[in-house]
Amino acid sequence: MLHIPRILLACIFAFPLNAVVAQPSIVRFDGIGAVRVGMSLSDLNRTLHTSYSRPSDPEERSCYYIDVPNQPKVGVMMLDGRVARVDVDNDVTPTAEGIHNGDSEAQARQVYGKRLNIEPHAYLPESGHYLTLFSPDRKYGIRFETEDGTITRYYAGTIQAISFIEGCS
């Protein structure tokens, strides 16, 4: 008979599974998880338990990105010293309604209905679209980029920030 020391069993059952496998956070109009649009860099560092600093190059200080720990391919756009937008480039991080990259345009249309504003993609006018959803107060939005009927990336934040189709470029 196999005997497993009780202390080992206690450690296995006491250690939360999500400490090993980070669960993707939910993206909302105004942020992701505990990150909120409008936070300063110091607020963001406290929230994420990080110590990011502004870029040393003055030309990059007005707009730059910070990676979200334990959330692969999720970045926070800092615009004029404040969180302005969250960019999602993975296929696991969902919106509050469950839409994520890899879903079809049809799924997004079914979930969001007539609230979606659909426009041709700037670089893929024949095969791509921007699907934009505005918050009820129209201060924030979520914009999905699609190609050939599939969501390839999305971002959420202030109306100004989601209008930057090239991010900080």
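In the predicted model, Asp103 touches Gly98, Gly149, Thr150 and Ile151, leaving aside residues up to four places away in sequence. Asp103 sits in the loop that joins strand 6 (82-88) to helix 3 (105-112). This residue is buried, yet it has no salt bridge. Arg109 offers the nearest side chain of opposite charge, and it is 13 Å away. The Asp103 side chain instead reaches a backbone atom: the nitrogen of His100, at 3.0 Å.

Helix 3 follows this loop. Its buried residues are Glu105, Ala108 and Tyr112. Viewed down the helix axis, the buried residues fall within an arc of 60°, so they line one face of helix 3. An α-helix has 3.6 residues a turn, so residues three or four places apart point the same way. The buried residues of helix 3 pack against four strands: strand 7 (116-120), strand 8 (128-134), strand 9 (140-147) and strand 10 (150-158). Ala106 and Gln110 are exposed, on the face turned away from the buried side. Just after the helix, Gly113 adopts a positive phi of about 60°.

These features belong to a chain of 169 residues, 37% of them buried. The chain holds four helices and ten strands. From the N terminus, the order of elements is α-β-β-β-α-β-β-β-α-β-β-β-β-α. Among contacts with a separation of 6 or more, 42% link residues 24 or more positions apart. The exposed surface of the chain is about 9,900 Å², and carbon and sulfur atoms supply 55% of it.

Technical notes:
Residues numbered from 1 in each chain as written. Predicted model: local features only at pLDDT ≥ 70, side-chain atom pairs only at ≥ 80, totals over all residues. Heavy atoms only, no water. Helix = DSSP H or I, 4+ residues; strand = E, 2+ residues; numbered from the N terminus. Buried < 20%, exposed > 50% of the residue type's maximum accessible area, 1.4 Å probe, protein only. Lys, Arg positive; Asp, Glu negative; His and termini not counted. Salt bridge = Lys/Arg side-chain N within 4 Å of Asp/Glu carboxyl O. Polar contact = N/O pair within 3.5 Å; in protein donor to acceptor, adjacent residues only side chain to side chain. Contact = heavy atoms within 4.5 Å. Areas by Shrake-Rupley, 256 points an atom, 1.4 Å probe, with all protein chains shown as cover. Arc of directions from axis to C-beta.
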